[in-house]
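Please look at the sequence and the structure shown below. The paragraphs that follow begin with paired charges and then turn to the chain as a whole and to single residues.

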Amino acid sequence: DAVTIDSNGFMGIGTTAPDYALDVSGSARINSSVSNSVQLVIDNSNTTDAGTEKSELRFRHYRSYAPGQNDAGHIIVGKEEAWDAADDRNSYMSFGTRAGAAGVTEKMRIKSDGKVGIGVETPISKVHVKDDFNNSSQLNLEGNTPDHATIRVENDNTTTGSYSSLFLRADTGDSRIAAVKKSNANNDVDIVFMLDDTSTSSMVE
């Protein structure tokens, strides 16, 4: 049969043994010619509002060593807090992949304030990368053109004394390499090396 409804009320399309309220075997499409927005809505209607509710898209693949389906990845959208006041409706989106027997674990998260964490669930900057493995490169830029690979740190503030910097930390020791605007003249910039945010030496560009 093309469509099956079993004794549990589960509907199967392309399968006679549905395991879910709607179980589709094969491809599916959502299509509309009368709307500017075609939507697939995943609605978590849990009214507990504990601040931990989430909705999830889960992806699975077949494993052959012990025949069966295994989780391979997920996309989760969840609450960051209880939504119990008009302004308390923060949410996050996270992405998970599988690493062997460890199962699916979160690898990247986008928070409600737009901060992105890779390897960290609580990013403290616009992009926060964390890797707990020794001798592992956390950020790698590779180029194969005459322009090379470039990290560009840009500050659009035109005020004298404004700067762009690279902040370096080893354990609790801080240092900074900064390009400091000396005046309103074009390209009037100092390159400054600082230890504990104190200027130790400078080189005029």
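**Charged pairs in an all-strand chain**

The count of salt bridges comes to 11, where a salt bridge is a side-chain nitrogen of Lys or Arg within 4 Å of a carboxyl oxygen of Asp or Glu. In general, side chains of opposite charge can pair when their charged atoms come close. The structure is a predicted model, in which local features need pLDDT of at least 70 and side-chain atom pairs count only at pLDDT 80 or more, while totals for chains, interfaces and linings use all residues. Residues are numbered from 1 along each chain as its sequence is written, and side-chain values use heavy atoms, with hydrogens and water left out.

Consider the overall architecture. The chain has 13 strands and zero helices; both kinds of element are DSSP runs numbered from the N terminus, helices being H or I runs of at least four residues and strands E runs of at least two. Read from the N terminus, the order of elements is β-β-β-β-β-β-β-β-β-β-β-β-β. The radius of gyration of the chain is 26 Å, well over the 17 Å that the globule rule gives for 205 residues, so the chain is more spread out than a compact globule. This radius is taken over C-alpha atoms, and the globule rule is 2.2 Å times the number of residues to the power 0.38. Along its principal axes, the C-alpha trace spans about 80 × 50 × 40 Å.

How much of the chain is buried? Buried residues make up 16% of the 205 residues. Here buried means under 20% relative accessible area, exposed means over 50%, and partly exposed lies in between (1.4 Å probe, protein chains only). The accessible surface of the chain comes to about 15700 Å², and 50% of this belongs to carbon and sulfur atoms. Such areas come from the Shrake-Rupley method with a 1.4 Å probe; for residues, only the protein chains shown count as cover. Among contacts with a separation of 6 or more, 10% are between residues 24 or more positions apart, a contact being heavy atoms within 4.5 Å.

Three of the salt bridges may now be examined. In one, the side chains of Lys79 and Glu53 meet at 3.2 Å, N to O. This pair links distant parts of the chain, 26 residues apart: Lys79 is in strand 5 (residues 68-79), and Glu53 is in the loop between strand 3 (22-24) and strand 4 (54-63). Lys79 is buried, with a relative accessible area of 17%, and Glu53 is buried too, at 10%.

Another salt bridge joins Glu121 and Arg109 at 3.8 Å, N to O. Glu121 lies in the loop between strand 8 (116-118) and strand 9 (127-129), whereas Arg109 lies in strand 7 (residues 104-110), so the pair ties together parts that are 12 residues apart in sequence. Is each partner buried or partly exposed? Glu121 is partly exposed, with a relative accessible area of 47%, whereas Arg109 is buried, at 12%. Elsewhere, salt bridges that share partners join Glu56, Arg58, Arg60 and Asp71 into one network. Within this network, the side chains of Arg58 and Glu56 meet at 3.4 Å, N to O, and Glu56 counts as partly exposed at 30% relative accessibility.

Two serines show what surrounds a buried position. Ser94 lies in strand 6 (residues 91-98) and is buried at 2% relative accessibility. Leaving out residues up to four places away in sequence, Ser94 touches His74, Ile75, Ile76, Glu106, Met108 and Arg109. Ser55 lies in strand 4 and is also buried, at 18% relative accessibility. Apart from neighbours within four places in sequence, Ser55 is in contact with Ile42, Asn44, Ile75, Ile76 and Val77.

The loop between strand 3 and strand 4 offers two further residues. Asp49 is placed in this loop and is partly exposed, with a relative accessible area of 22%. Most residues other than glycine have a negative phi. Phi of Asp49, however, is near 55 degrees, a positive value in a residue other than glycine. Asn46 is found in the loop between strand 3 and strand 4 as well, and is partly exposed at 41% relative accessible area. Asn46 and Ser175 are 129 residues apart in sequence, and their C-alpha atoms are 48 Å apart in space.
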